[in-house]
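User: Please examine the following model with me. I shall ask about its confidence, its elements and its burial in turn.

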Amino acid sequence: MTDTATQSAAATGTAIDETYDVPADATAYTCSYCGRPFARESWLALHRGLAHPSELDDEEVEAFRAAHDEEEASLSAFRLQALGALVLIYFGFLMVYALV
Ligand SMILES: [Zn+2]
């Protein structure tokens, strides 16, 4: 009777992969607190504000607020466009259903 205890599969946990694959010719904006690279400066500013809020200086806080406002404006524009697309699809199907 061989009793092999294979319980180690559940013990692997959720380790976050800390290695990033940045192309050699790409310009990366690297976080000075944790070293994570970002393709855009505004994404780095957002990351700094969300991941390291207590360590920022005034200039970084200002950059985070500007990036956050820009992201909010872009998100509300997207929501409006998505709602418009849904309304068009809904009434399009309604008209097709009414005519066919
Ligand atoms: Zn960071």
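User: Over which residues does pLDDT stay under 50?

Analyst: This is a predicted model, in which local features need pLDDT of at least 70, side-chain atom pairs count only at pLDDT 80 or more, and totals for chains, interfaces and linings use all residues. Residues are numbered from 1 along each chain as its sequence is written. pLDDT is the predictor's confidence in each residue, from 0 to 100. The stretch under 50 has zero contacts beyond four places in sequence (a contact being two C-beta atoms, placed from the backbone, within 7 Å), and it comprises residues 1-15.

User: In what order do the elements of the chain run from the N terminus on?

Analyst: Elements are DSSP runs numbered from the N terminus: helices (H or I) of at least four residues and strands (E) of at least two. The chain has two helices and two strands. Their order is β-β-α-α.

User: How far does helix H2 reach from its first C-alpha to its last?

Analyst: Helix H2 covers residues 58-99 and has 42 residues. The expected span, 1.5 Å times one less than the number of residues, is 62 Å for H2. Close to that value, H2 reaches 61 Å.

User: Is H2 largely in the open or largely buried?

Analyst: A residue is buried if 20 or more other C-beta atoms lie within 10 Å of its own, exposed if 12 or fewer, and partly exposed in between, with C-beta atoms placed from the backbone. Of the 42 residues of H2, two are buried, so H2 lies largely in the open.

User: Which residues of helix H1 are buried?

Analyst: Helix H1 spans residues 41-51, and what covers its buried residues includes strand E1 (29-30), strand E2 (37-38) and H2. The face turned away from the buried side carries the exposed residues Leu 50 and Ala 51. The buried residues of H1 are Leu 44, Ala 45 and Arg 48.

User: Which residues does the UniProt annotation "transmembrane region" cover?

Analyst: UniProt positions follow the numbering used here, feature names are shortened, and annotations may be inferred rather than shown by experiment. The span annotated in this unreviewed entry is 100% helix and 0% strand, with its end C-alpha atoms 28 Å apart. The annotation covers residues 80-99.
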